[in-house]
Amino acid sequence: MPVELKKVSKKDALKKFMDSCKSLPNPESQLIAILHKAQEINGYLNKELMDDIALEMNIPTAHIWGVATFYHYFKLVPQGKHSISVCLGTACYVKGAEEVLNTIRSELKVNFGQTTEDGLFTLQEARCLGACGLAPVIMIDDRIYGELTPKKVIEILNTYRK
Amino acid sequence: MITIYINDKPYKVEEGQTIMQAADKVGFRIPRLCYHPKLSIEGACRVCIVEVEGAKNYVASCAFPVSEGMKIKTNSEELRRARRDIVELILDNHPQDCHTCERDGICELQRLAFSMGIRKRHFEGERKHYEKDLSSTSVVRDPNKCILCGRCVRICSEIQKANVLGHAHRGFKTVVMPAYNMPFSESVCTTCGQCINVCPTAAFVEKNYTQELFQKLNDKSIVKIAQIAPSVRAAIGEAFGLEAGKAMEHEIVAALKRLGFDYVFDTQFSADLTIMEEGSEFLERLQGKGKLPMITSCSSAWMKCLEQFHPDLIENVSTAKSPMSMMSAMIKTYFAQKIKRDPKDILSVAIMCCTAKKYEASRPELMVEGLPATDMVITTREIAWMIKSSGIDLLDIKGENFDEPLGLSSGAGTIFGTTGGVMEAAIRTAYELYTGETLLDIEIADIRGFKGVKEGKVIMDGKEIRVAVAHGLGNANEVLEIARKDPSRYHFIEIMGCPGGCIGGGGQPYAGYNSIPLDEECLKKRAEALYGLDRNKTIRRSHENPDIQRIYKEFLGRPLSPAAHKLLHTHYKAKEPRGIIPVVNAVL
């Protein structure tokens, strides 16, 4: 299956998904699902993809742009291989999230929304990851790391660098 | 009928309306901002809040339906304060530069703030700072002045169906912009300027050329020539405080002469010329030379819309230039020869009801003798300001006549300014050219009025000619969809980019106190002004205009002659980016 997927270009995969949306009632209401799919395939949304969606689904680009910029989840610039979300919710903040954040900032030399030069990490802020008992926490891709200290953070980052 | 109580007094009102609509009818004009009767309800501004007994919060009266026994307060002390705070908070994120703003004195937000009794600013917070978008030939977008009422977004998507604008980002960072934050000039904007008409502030204004024109008018070395579109005379009075519907033909000529123009010509003359060319082209197509239905090409916003949204119909569109461009072409050739001046020394200024004409003037294929045919396009609003700014009293001026030889027009040329007018004018001439007989009933009621898509027919020599008229680009889409599905349904289609035709153009005076932009009553009065001028003319058919006959005799030969083709016709081609017109989903 993965071999086959590679053969299909990104555009074709998206087209296939859009075709499946068209059989649903009010296909234009599937826009968010389509944008999710496009981001899953491409890593982020660009003009070319959004133009394709506009033409295929008959949705004005201004509207697609409105939706894509409204939700933080949608990325409009290329993302790093791994995304780091630093929780700045109340519990984490009280337990030292700022220190954790500053460590990551100086270690990776990036700010929120930016990607490291090597393309490995993108830094984001989060408002609560639902793991307050482990505060302070960060999430890298789908994995939560808790009870962090500056030292521990650097060790974790290093495991991704290998 | 149900009974509602407004401020403790009972009123009988119809069911199924909103509180605002019901209150309007019994004499309470609840303050409002984002609401527009022609557009969908957005409920964004919260200015129209009222107190409803039993409701937990204040409700937005534009969106809340009335019900039996409803007790409404529109003016309680607490409510007034809440409403004032809402407007004050809007003002807080708005530049405090009213006295240097283009809309000073004609700004809805300013009026609203005044009527709320805001005499002191209580809040001082962060304010947005964005770049102006000056890229378009026609429309300037200034996000700093935008209060996010969304009227522009709605008129662009609901009435014009061009979908250029949308709300992007969210919360404090929300900005109304074209897709991808691209410059207007690169977007699918048709430059119709309806966003300017409905904007309550100066977030959208036309690209202003008044200072440049003032400068040029002082230049003694050039010949300054103006032309005036029919719709300008039907609306300019409003900018001077007159009721809509007062035609000011000769007064404008006099005012323009005082401003420094050497000659003032009438775009209605070239409208007659357009009819000669377009009418002849239609008769040729009717005889099998070219595609039917033929579609008119006078509206510049429609031209851009055609190239971006309907490139498959380019061959159906008449090759005749718009009256403005025909006039400019004649000024720089025919008239330049007459006054023995180099066309380079002529400044050709078009005074139009339209922002899209600014774009049209920039189209390279309309150049004549290697020069832009129209050097500058000035809207009704701009010229009204120039007249006022120069201390010319338009209301108390002795009228003057248009100059020869491009100033005499028929009634057919006059009605070009209103929806259905071009078609009516074309029928008046085409009928007689085709049948050789005189058309007796020249006022064609079926294609007058403000219905979105109008249909009519005439019998020419036993042949039924079916015509359609659409105004506003949304209605245009509709009629084109019908024509695509059934190509033999119509022979001739008139399309005007703006609601009401040119009289509702994007460059017309702003709505006055207590009236709404694009009010249909106002459009009706402007149309009536033009129909009145037509009725009072002895010459009401383009081909009977003696100056039209003369220009063909002296210069152009005959309609569709090689000379006419070179100077009076143009071509269109598909443009990128291609716009998308969303299809309304069929009920499944």
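Which pattern of helices and strands does chain A follow when it is read along the sequence? In this predicted model, the order in chain A is α-α-α-α-α-β-α-α-β-β-β-α, and the legends below take up parts of chain A and chain B in turn.

**Figure 1. Chain A as a whole, with its 8 helices and 4 strands.** Taken along the principal axes, the box filled by the C-alpha atoms of chain A has sides of roughly 50 × 35 × 25 Å. The domain assignment divides chain A into domain 1, which covers residues 2–70, and domain 2, which covers residues 82–161, and the centres of these two domains, taken over C-alpha atoms, are separated by 30 Å. Of the 162 residues in chain A, 23% are buried. Among the contacts in chain A with a separation of 6 or more, 58% are between residues that are 24 or more positions apart.

**Figure 2. The open sheet of chain A, in which 4 strands are arranged in the order β2-β1-β3-β4 with mixed pairing.** The edges of this sheet are taken by β2 (121–126) and β4 (143–145) of chain A, and because each of them has a single partner strand, one side of each is left without a neighbour in the sheet. From one strand to the next, the twist averages 25°. Within the sheet, strand β1 (residues 82–87) and strand β3 (residues 138–140) of chain A run antiparallel and are joined by 3 bridges; in one such pairing, I84(A) has I140(A) in β3(A) as its bridge partner. Helix α7 (residues 97–108) of chain A packs on the sheet, where it touches β1, β2 and β3 of chain A, and the direction of this helix makes about 150° with that of β1(A).

**Figure 3. A cis peptide bond in chain A, between A135(A) and P136(A).** The omega angle of this bond is about -5°. To place the bond in the chain, the reader can look for P136(A) in the loop between β2 and β3 of chain A.

**Figure 4. The contact between chain A and chain B, to which chain A gives 16 residues and chain B gives 16 residues.** On the side of chain A that touches chain B, the elements that give two or more residues are α4 (47–57) and α5 (61–70) of chain A, and α5(A) gives the most, with 8 residues. When the residues on this side of chain A are sorted by class, 9 are nonpolar, 6 are polar and 1 is charged.

**Figure 5. An open sheet in chain B, formed by 4 strands in the order β12-β17-β16-β15 with mixed pairing.** Here β12 (294–295) and β15 of chain B stand at the edges, and since each has a single partner strand, one side of each is left without a neighbour in the sheet. Opposite V453(B) stands A470(B) in β16(B). Helix α15 (residues 421–435) of chain B packs on this sheet and touches β15, β16 and β17 of chain B, while the direction of the helix makes about 15° with that of β15(B).

**Figure 6. A hairpin and a crossover that share strand β16 of chain B.** Strand β15 (residues 453–460) and strand β16 (residues 463–471) of chain B pair in the antiparallel sense over 8 bridges, and V458(B) stands opposite I465(B) in β16(B). The hairpin formed by β15(B) and β16(B) has 2 residues between its strands, and in the turn D461(B) has a positive phi of about 55°. The pairing of β16(B) with strand β17 (residues 492–496) of chain B is in the parallel sense and runs over 5 bridges, with H471(B) opposite M496(B) in β17(B). Between β16(B) and β17(B) the chain passes through helix α16 (residues 473–485) of chain B, and this β-α-β crossover is right-handed.

**Figure 7. Two loop residues of chain B, H169(B) and K340(B).** Although H169(B) is not a glycine, it has a positive phi of about 60°, and this residue lies in the loop between β7 (165–168) and β8 (175–178) of chain B. K340(B), which is not a glycine either, has a positive phi of about 55° and lies in the loop between α11 (323–338) and β13 (346–352) of chain B. Is each residue buried or exposed? H169(B) is partly exposed, because 15 other C-beta atoms lie within 10 Å, whereas K340(B) is exposed, because 6 other C-beta atoms lie within 10 Å.

Technical notes:
Residues are numbered from 1 along each chain as its sequence is written. Chains are lettered from A and ligands numbered from 1 in the order in which they are written. This is a predicted model: local features need pLDDT of at least 70, side-chain atom pairs count only at pLDDT 80 or more; totals for chains, interfaces and linings use all residues. Two strands pair if DSSP finds at least two bridges between them. Axes are lines fitted to C-alpha atoms, for helices over the stretch in contact, and angles run from 0 to 180 degrees between N-to-C directions. Two residues are in contact if their C-beta atoms, placed from the backbone, lie within 7 Å. Ala, Val, Leu, Ile, Met, Phe, Trp, Tyr, Cys and Pro count as nonpolar, Asp, Glu, Lys and Arg as charged, and the others, Gly among them, as polar. Domain bounds come from an automatic or database domain assignment. A crossover is right-handed if, with the strands pointing away from the viewer, the path from the first strand over the helix to the second runs clockwise. A residue is buried if 20 or more other C-beta atoms lie within 10 Å of its own, exposed if 12 or fewer, and partly exposed in between; C-beta atoms are placed from the backbone.
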